[in-house]
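Here is a short report for a first look at this structure. Which parts pack together, and how are the strands arranged?

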Amino acid sequence: MESGDIKKTGLVVVLSVLINLIVFSGLNLINLQFTDAVESSEGVMIAENIASDEVKTVLLQDRSDNRFKLVIQSTERLVLSIIYEDAYTEYDLYVNGQLKGQNHNQTARKEIAYDVFEIEKNDYQENDGIGIAEIELVKSAPIAKPNNEVAFIIGSKDEVRDSLGLRTMYNTVMFIFFGMILVVSAIAYYKDRVSYMRILLLLSIVAVIKSMIIGELPLFRDLLGITSGNYFYYDSVTGIVSFFLCQVLFWDLFQFKVKKVTAILYLGIFVTFELGYIVTQYLALLVMMHFIGSLLIVIMGAQAYIKGNPYSLLLITTYSIFSGTVLYRILITVGYYSRGYISEMVFSPQIGNLIYLSSFLFVVLMTYINKLEAYRKQEITDEKIALIRGISHDLKLPLSIIKLNNQMIEKYEITEAEKKEYAKTSLEATLELEKMTDNINCYLNTEILVDTDYQTSVKNRLIMMKRQYENYGKMHSINFVVEISGEDCFLPIKPLHFDRMLYNLVDNAFKYNKARGTVWVRYEADKEITLSVEDNGIGMDSEFIKRIFEPFFRIDVSKRKEGTGLGLCVVKVIVDSLNGKLQVESEINRGTKIKIILPRV
């Protein structure tokens, strides 16, 4: 790696760190602004200090041996509801010495992450006219909690119920968003089953499962068999798998180069640290692996940025936001930041994951779209190459006729009648060349076919066509009929392009007709404009009908007929530019009818 690339990588890493700092500092500021903490002097709280229109947050430190005490005093013996966070740990909860709640592996509750219990009037004990409710929480062992701290959210029954309702609504909305991402990811994978699409689909599935676990929604809780006893393992495994898939997706999407030995070594370290965290529940292992993995993701993104990937900075930014939300949760867990109402009711990494996954979905879809665009451009290039080759071949015949006629006139003594015949065939070859060049110009300039500065009269162009083709039909022993019904309509297209659209169909009708056959051109104007060209010629089978609008396709496989194979393709291009549609009916030895249906402007 060159020194300039090292500097750019360092700047990207610094940018990621700054975003992390801004995110978890901002989240902490929001949490403090919306959190109404109760001062609890020596674990004593006056119930009347709790306003009836909001809930309060109480933080307690253990006094000894994982025991937490809170004394609630109330002269009016207020009825309170209390939410206890971190209720997936093993604990016993007493009110005035009476067992009020319990959670052990053998008696694991179905409520996960939090428990709700109530202090009723009869739970208070009388002490000098004051009701006393002494709450004691005894934890068997803290899980992943270097600081031994618990949080209570306290309020009236109605306010606590409303808070839990908001919590459920938030989790439901997050689940819907993740579900939408999963559906789009599945559709994208169905359209293009490349490896990064597959990884994104797996990541979306894990995100939905994670949302089902964190969401605390009863339907999913029962479906997955989640209880407070196994919640930690569900949460940890899905988080670890999601984190690993993020790294793999970065590696695959940006085609990051890494030696096989290095990849195997990193995978071994990752698995060892994460399994160690699950088994020992020692938070430092998770933090260390999160730091290493996040650094790796940022470095991969920085390398992609150096190589000019247009989406690398977007993913680095959104991943840094996600990483910041995770760090904020970790900093709360270790006691660096105070816990509060918002931090306990809203799981911040879920928001970060939604932002990050949405950006990944956007980048993957844009990568897919760009790939399709590259394919399309390559197809256009291939078509132009084929066009040049086809033109060089198809122009030879009329040019050879003109050249041969001129040579005959120049080198040999010929009669006046022969001169007229040579001049006639030369003129016909010249007209054929004009048709070819017109078709080529239309095909190469499809983006400028519709022009609102023009209002071309359909009837006028049909009358002119009738005059031009009547004599041509007599010369070729073919009857030419034009039928016009309905009022005149106008199209936002140059007369030249309108003529090219219709003349190509009429030319084919003459070219593939039988001697003494008939060509019909019909025009009708009702709710839509209908133009049809019909002949009673050789017709074609269904296999040809499917392909006649393809560039360079020729019905006459021997190519005895003149042309470039662009005529019907140009018709389709012009009709498409007018938002119209084409219908083809044909039967072998019975003839062909092609109908153009255009919207009225």
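## Helix α6 and its neighbours

The buried residues of helix α6 pack against two helices, α5 (231-253) and α7 (283-306). This comes from a predicted model. The buried residues in α6 are Tyr266, Phe270, Glu274, Gly276, Tyr277 and Ile278.

Helix α6 covers residues 260-280, 21 residues in total. At 1.5 Å a residue, α6 should span 30 Å. Its end C-alpha atoms are 30 Å apart, so the expected span and the model agree. Just after α6 comes glutamine 281, with a positive phi of about 55°.

## The five-stranded sheet

Five strands make up an open sheet. Their order is β12-β14-β15-β17-β16, and the pairing is mixed. The edges belong to β12 (479-485) and β16 (581-587). Each of these edge strands has a single partner, so one side of each has no neighbour in the sheet. From one strand to the next, the twist averages 10°.

Strands of a sheet pair through backbone hydrogen bonds, in either a parallel or an antiparallel sense. Which sense applies to β16 and β17? They pair in the antiparallel sense, over seven bridges. Strand β17 spans residues 591-599. Within β17, isoleucine 594 is the bridge partner of valine 584.

## A helix across the sheet

Helix α13 (residues 458-475) lies across three strands: β12, β14 (518-525) and β15 (528-535). Relative to β12, helix α13 runs at about 165°. Strand β12 is also an edge strand of the sheet.

Conventions:
Residues numbered from 1 in each chain as written. Predicted model: local features only at pLDDT ≥ 70, side-chain atom pairs only at ≥ 80, totals over all residues. Heavy atoms only, no water. Pairing = 2+ DSSP bridges. Helix = DSSP H or I, 4+ residues; strand = E, 2+ residues; numbered from the N terminus. Axes fitted to C-alpha atoms, helices over the stretch in contact; angles between N-to-C directions. Contact = heavy atoms within 4.5 Å. Expected span 1.5 Å × (residues − 1). Buried < 20%, exposed > 50% of the residue type's maximum accessible area, 1.4 Å probe, protein only.
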